[in-house]
Amino acid sequence: MSTTSKKDKFIANFMKNPVADAIGQQQTVREEAFQALRELEFPTLKDEAWKYTRVAGILNKEFEVKEVENPALSENYLIPDLKVNRLVFINGKFQSELSEVIDSDLDIKTTAQARFENHDAVGGYLGSLTNHKNEIFTALNTAFNQTGAFVQIQKNKKPQFPVHIIDVTEGEGVTYQPRNLFVLEEGAELDIIHTIEGDNGQSFTNLVNEFVVKENAKASYYQVQRNGEKNNHIQTTQVYQAKNSRFKTGTYTFGGKLVRNNVNIAVDGENCETILNGAFLLNGKQHVDNHTFVDHLQPHCESHENYKGIIGGKATGVFNGKVLVRPDSQKINAFQSNQNILLTEQAEINSKPELEIYADDVKCSHGSTTGQMDEEALFYLMSRGMTKGDAMGLMIQAFAAESIDIVEIEPLKQWIESLVEERCKEIQD
Amino acid sequence: MLSIKNLKASIEDTEILKGLDLEVKPGEIHAVMGPNGSGKSTLASVLAGREEYEVTEGDVKFNGKDLLDLEPNERAGEGLFLAFQYPVEIPGVSNMNFLKQAINSIREYKGEDAIAAKEFLKKVKEKQDLVGLSGRLANRSVNEGFSGGEKKRNEIFQMAMLDPKLAILDETDSGLDIDALKTVADGVNQLRTKDNAFIVITHYQRLLDYIVPDVVHVLSDGKIVKSGPKELALELEEKGYDWLKEDKGVNA
């Protein structure tokens, strides 16, 4: 079977379902995506950006868009002691009964609804930032996405409560492709929490987020991924930052069969601050690939990146972080760090920090370290009465802490820390 | 309390302990002295359960239990404590979190409830004062950035917090100035009761000016070659260790 027919067969999975209506500019974007799907091929290990992540396993499977019969929200999906504006999607379908908006004047709706209303922001932005002409998974999402979350914050406004998007995957052979758009007008502020919840079924989800962060605006995007052993998840978060803006993101991955997280940030204004952190705690045969790209298009900006990998079992982690400083982007401070702990002989990490600098007056650094658990420290803790599991847990939590410290919403931070603690116990079993 | 019989232990196929016997009773302080390479630290490591050492023969009973069958944390649960010669720095793990978890692990092992926050804080304050570390542990990671003296004081502080039945001090005096040495010794003396015991491993006699042992043992080539009252330490200080080897030669 040639790769082309494999591609067609895979894309045919999505053809079975009617795509959401699109008009005007949205129709053009979608047509571009379909055109791209005809021209592009799915990546193989020969593609530099996919060198360590083999998607062929996903392409060979059959998936379909499936609704669940009795949608319900597990208590387990909620963050303790945190009031939020909650949007719940199950298998990609919006669940209005399970959702709740508590900020009275918040402009929040599904992207399907926003499209239906031909919302200005959707017409102007959805698909305007993404690379759907060149990235096949983004093209796939752009062509076939049904809905997602759309939030627009007006000038100088800030919702009282964070927005919590819950994406749940349930059942066998499920696929869906959420499309989220967040627009922050000048001086606006927004905190988004996005939790991805999987189950034991095989699935393929392909998420695209777009963030428009205008002058003086501040956006935070915290993501917690809790996919199961058979959930495949690919996502791209595309960010545009105008001057004096801040964008902060934390990606915390606790599972998944194959997970690929792309974060692409175009810093297109002076005096911007960009923070991108992440932690991945892997076990079994999980594969998690974090690809980040910070494009410093303008001078006088600062970016900080800190990813921590804790890899057990036969799992594989990938970190590829690129920072590009363009020729006229002087006075850039860019720092990038990826540290990893391998818990077993079979655990693997491929770490590739990249700095590409074309300006001469910049301060940039990057580093990657990979090591094993400090046996001497483990013995020290055990000699004080802790079981090996507790001692390892304490050390892993300490290791991951730095990447979680950026979370400014205290109940969320505590929740993530508790997930790390829980995960530590699983990793050792 | 502790009964060691014919203990033989190796590391990477090199035999270090070659048939060691030792009996420690409640309320006693035993000093173990000996030249470098005689096996002092190996003894401490084997008793605490360090994995690198392989016990090839012998028997160690601790309050009736077979110590060598227990994991390091179980040994701590049974009331054994090792003050490390080189305390480990653990970045990111706060002293207080570490201590609390240690205390509660031991309590859990004994089937007791976790310590109340108030009781914990009271105990921390009291025991910090004992070793002169007041206010120097909060908001810091375990041993991170501590001076040599602070690390050793922290070992004694942990000992005071965990209240062991048997504490082994592995060259706690090495690298300490006289003030720190006195503080460490004061700590030990104040913790001493009729129910607990100490094994003080040291190369030099000076610590024994402050911690007065009931028995002094001389370890040489993996065996205890001589045991005697506290005056033996002074004799060693004066004559060195060589005369014992000759002594042994005569005996053999």
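Me: How many helices and strands are there in chain A?
Reply: This is a predicted model. Counting the secondary structure elements of chain A gives nine helices and 20 strands.

Me: Why can chain A be called as compact as a globular protein of its length?
Reply: For 429 residues the globule rule gives 22 Å. Chain A is close to that value, so it is as compact as a globular protein of that length. Along its principal axes the C-alpha trace spans about 65 × 50 × 50 Å. The radius of gyration behind the comparison is 21 Å.

Me: What percentage of the residues in chain A is buried?
Reply: A residue counts as buried if 20 or more other C-beta atoms lie within 10 Å of its own. Among contacts in chain A between residues at least 6 apart in sequence, 84% join residues at least 24 apart. Of the 429 residues in chain A, the buried share is 52%.

Me: Which elements of chain A give two or more residues to the side that touches chain B?
Reply: The contact involves 16 residues of chain A and 20 residues of chain B. By class, the side of chain A that touches chain B has ten nonpolar, three polar and three charged residues. The elements that give two or more residues to this side are α7 (375–383) and α8 (388–404) of chain A.

Me: Which element of chain B has the lowest mean pLDDT?
Reply: For the model as a whole, the scores are ipTM 0.95 and pTM 0.87. Chain B averages a pLDDT of 91, and 97% of its residues score at least 70. Among the elements of chain B, helix α2 (residues 72–78) has the highest mean, 97. The lowest, 57, belongs to helix α8 (residues 242–251) of chain B.

Me: Where do the buried residues of α2(A) lie around the helix axis, on the same side or on opposite sides?
Reply: Helix α2 (residues 25–39) of chain A has 15 residues and reaches 21 Å from its first C-alpha to its last, close to the 21 Å expected. Its buried residues are Gln26(A), Arg30(A), Ala33(A), Ala36(A) and Leu37(A). An α-helix has 3.6 residues a turn, so residues three or four places apart point the same way. The buried residues cover an arc of only 115° around the axis, which puts them on the same side of α2(A).

Me: Which exposed residues does the face of α2(A) turned away from its buried side carry?
Reply: A residue counts as exposed if 12 or fewer other C-beta atoms lie within 10 Å of its own. On the face of α2(A) turned away from the buried side, the exposed residues are Gln27(A), Thr28(A), Arg38(A) and Glu39(A).

Me: What arc do the buried residues of α4(B) cover around the axis?
Reply: The 15 residues of helix α4 (residues 117–131) of chain B should span 21 Å, and the end C-alpha atoms are 21 Å apart, which agrees. The buried residues of this helix are Val124(B), Lys127(B), Gln128(B) and Val131(B). They are on the same side of α4(B), since they cover an arc of only 110°.

Me: What covers the buried residues of α4(B)?
Reply: The face turned away from the buried side of α4(B) carries exposed residues, among them Lys118(B), Glu119(B) and Asp129(B). Just after the helix, Gly132(B) takes a positive phi of about 70°. The cover over the buried residues of α4(B) includes α5 (148–162) and α6 (178–191) of chain B.

Me: How far apart in space are Lys123(B) and Val142(B), C-alpha to C-alpha?
Reply: Lys123(B) has its place in helix α4 of chain B. It is partly exposed, with 16 other C-beta atoms within 10 Å. Lys123(B) and Val142(B) are 19 residues apart in sequence, and their C-alpha separation is 18 Å.

Me: What is the phi of Asn244(A), a residue other than glycine?
Reply: Most residues other than glycine have a negative phi. Asn244(A) lies in the loop between β11 (231–241) and β12 (246–253) of chain A. It is partly exposed, with 18 other C-beta atoms within 10 Å. Its phi is positive, near 60°.

Me: Where is Asn63(B) found?
Reply: Asn63(B) also has a positive phi, near 50°. With 14 other C-beta atoms within 10 Å, Asn63(B) is partly exposed. Asn63(B) is found in the loop between β4 (53–62) and β5 (65–66) of chain B.

Technical notes
Residues are numbered from 1 along each chain as its sequence is written. Chains are lettered from A and ligands numbered from 1 in the order in which they are written. This is a predicted model: local features need pLDDT of at least 70, side-chain atom pairs count only at pLDDT 80 or more; totals for chains, interfaces and linings use all residues. Two residues are in contact if their C-beta atoms, placed from the backbone, lie within 7 Å. Helices (H or I, at least four residues) and strands (E, at least two) are DSSP runs, numbered from the N terminus. Ala, Val, Leu, Ile, Met, Phe, Trp, Tyr, Cys and Pro count as nonpolar, Asp, Glu, Lys and Arg as charged, and the others, Gly among them, as polar. The radius of gyration is taken over C-alpha atoms; the globule rule is 2.2 Å times the number of residues to the power 0.38. pLDDT is the predictor's confidence in each residue, from 0 to 100. The expected span of a helix is 1.5 Å times one less than its number of residues. The arc is that of the directions from the helix axis to the C-beta atoms.
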